[in-house]
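Me: I'd like a close look at one part of this model, please. Could you walk me through it?

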Amino acid sequence: MQRFAQLFTALDSTTKTNEKIAALANYFRSAQPADAAWATHFLSGQKAKRLVPTKLLRLWAAEAAAIPEWLFDECYSAVGDLAETISLVVPPGDCEITGSLSDWVVNRLAPLHRLAIDSQRESVTDIWRQTDSMTRFVVMKLVTGAFRVGVSRRLVTRGIAEATGVPADVLAHRLMGNWKPSAEFFTRLIDPDASDTIASQPYPFCLAHAIEPSAGVDSIGPASDYVVEWKWDGIRGQVIRRNDQTFIWSRGEELMEGRWPEIETAATVLDNGTVLDGEILAIDDQGSVMTFAQLQRRINRKSIGKKLLAEVPVVFRAFDLLEQNGNDLRAVPFHLRRAQLEQVVAAAGVSRIVATELLSRDDWASYRELRSTSREQQSEGLMLKHRAGVYDVGRVRGTWWKWKIDPFTIDAVLIYAQAGHGKRASLFTDYTFALWDGAALVPFAKAYSGLSDAEIQKVDAFVRSHTREKFGPVRSVTPELVMELAFEGLQVSTRHKSGIAVRFPRIVRWRHDKRPADASQLSELKALIG
């Protein structure tokens, strides 16, 4: 456990990729398989659940530190992280730390949520008596379900690869899908001769880089080097047909069983050993793409009724072929994979699985004109895929690019503020914005990003000096600050007071040149729906 805490500290104390990989490799070279499996589980971002209510942890920590509960809460408010607050406030333990990571997780931490409160308290305080501040911080991150550290799954695989000699892309594939941390699992993970024939296992997704506005699309090379498609706002997924079974995985590595019965049925005509990458989209009777809001009606349903099936029918628009006849095609150039994909889809001959449309223009100027019509297609812009590109793991520059349309923008007034989380817990960084509806300001969006650190400090000072009312953690402020907000899309919504739901709102700039009266009207926002 102490070695894992030391690894966490090493990863958290540097921003340099090579130093992170070196720390990971050093850990995995000597870690026992069971410990390595749990370390991989936590470091690769697997979700952890809270084992003890935070209210009880705060109470017990205040008692252990011999301070009033209100004073502990003030410390918590200033620090912004419960595990860190406990590691700072509760006196260090005076016992030697023993036990492996797997022993701690399986035998000491996992049972906590099943214990009665008195037994929970005894176990937690016993942990505090046996841990120094560094180890306690990591342990309490696990207990609170808030364990996060600055490494991606890609970095974890590179660290394991350096330690074991197993290629990183092989490790990435084996880490996809559902697996449970165990010594047996890690042994299979790093076995150079292990079979990768688990029927349901998806491939790691290839992700796109955004075209930088400052550089422009011309910076990536001539248009003739790329295959161009519409960028759809749907659900990215892989359709897998193996062993006469169909599996549909989301990009978030969720096996979507029973969510898309039309696609599952259509996939039965695919040959075994076929894996398609593409987008799940809602399509109306005329074949036009429906809004993402309509698709959302089906996302979290475990079973789909006839009415919803009829109202929101879906298709799988495939844009890549990752496996054919059981052969991994990811190292094949994209233009060849695409040609094979079209043959596979044509042979299947089903309406619920189709290939994406390829767009052909002579130069970037022509594509730029086409991109300007994206919203008419319910598209977010264009996808640019290098003809010679392989199917990379994760986001690698030069393989795929997303050339999104310019976002909607509107000027809004800040009316509510709330403290942030983590390192920003002592600052007001979460804002609610409003537009004018006649003489009234109507809230319509929340935004958390877009300001510089210096600007955040100034807004925080404004909030503290211009608070009108307090509603728990939320403060109502004098409506004086005007910000330009950007967002990707908007939809009529009965759940919002404004009647409009906006997608991915963020702050573009602080409009020092505008007074509150100059902010936009709600009618201007509604007019953007078209």
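Me: Does Thr 157 count as buried or exposed, and why?

Reply: Happy to help! This is a predicted model, in which local features need pLDDT of at least 70, side-chain atom pairs count only at pLDDT 80 or more, and totals for chains, interfaces and linings use all residues. Residues are numbered from 1 along each chain as its sequence is written, and side-chain values use heavy atoms, leaving out hydrogens and water.

Thr 157 counts as buried because its relative accessibility is 3% (buried is under 20%, exposed over 50%, partly exposed in between, with a 1.4 Å probe and protein chains only). Thr 157 sits in helix α10, which spans residues 153-164 (helices are DSSP runs of H or I with at least four residues, strands are E runs of at least two, and both are numbered from the N terminus). Leaving aside residues up to four places away in sequence, Thr 157 touches Ala 168, Leu 171, Ala 172 and Leu 175 (contact means heavy atoms within 4.5 Å).

Elsewhere in the model, five strands form an open sheet with mixed pairing, in the order β2-β13-β11-β3-β10 (strands pair if DSSP finds at least two bridges between them). The edges are β2 (209-210) and β10 (358-359); each has a single partner strand, so one side of each lacks a neighbour in the sheet. Strands β11 (residues 379-386) and β13 (residues 400-404) pair antiparallel over five bridges, and Lys 385 has Trp 400 in β13 as its bridge partner.
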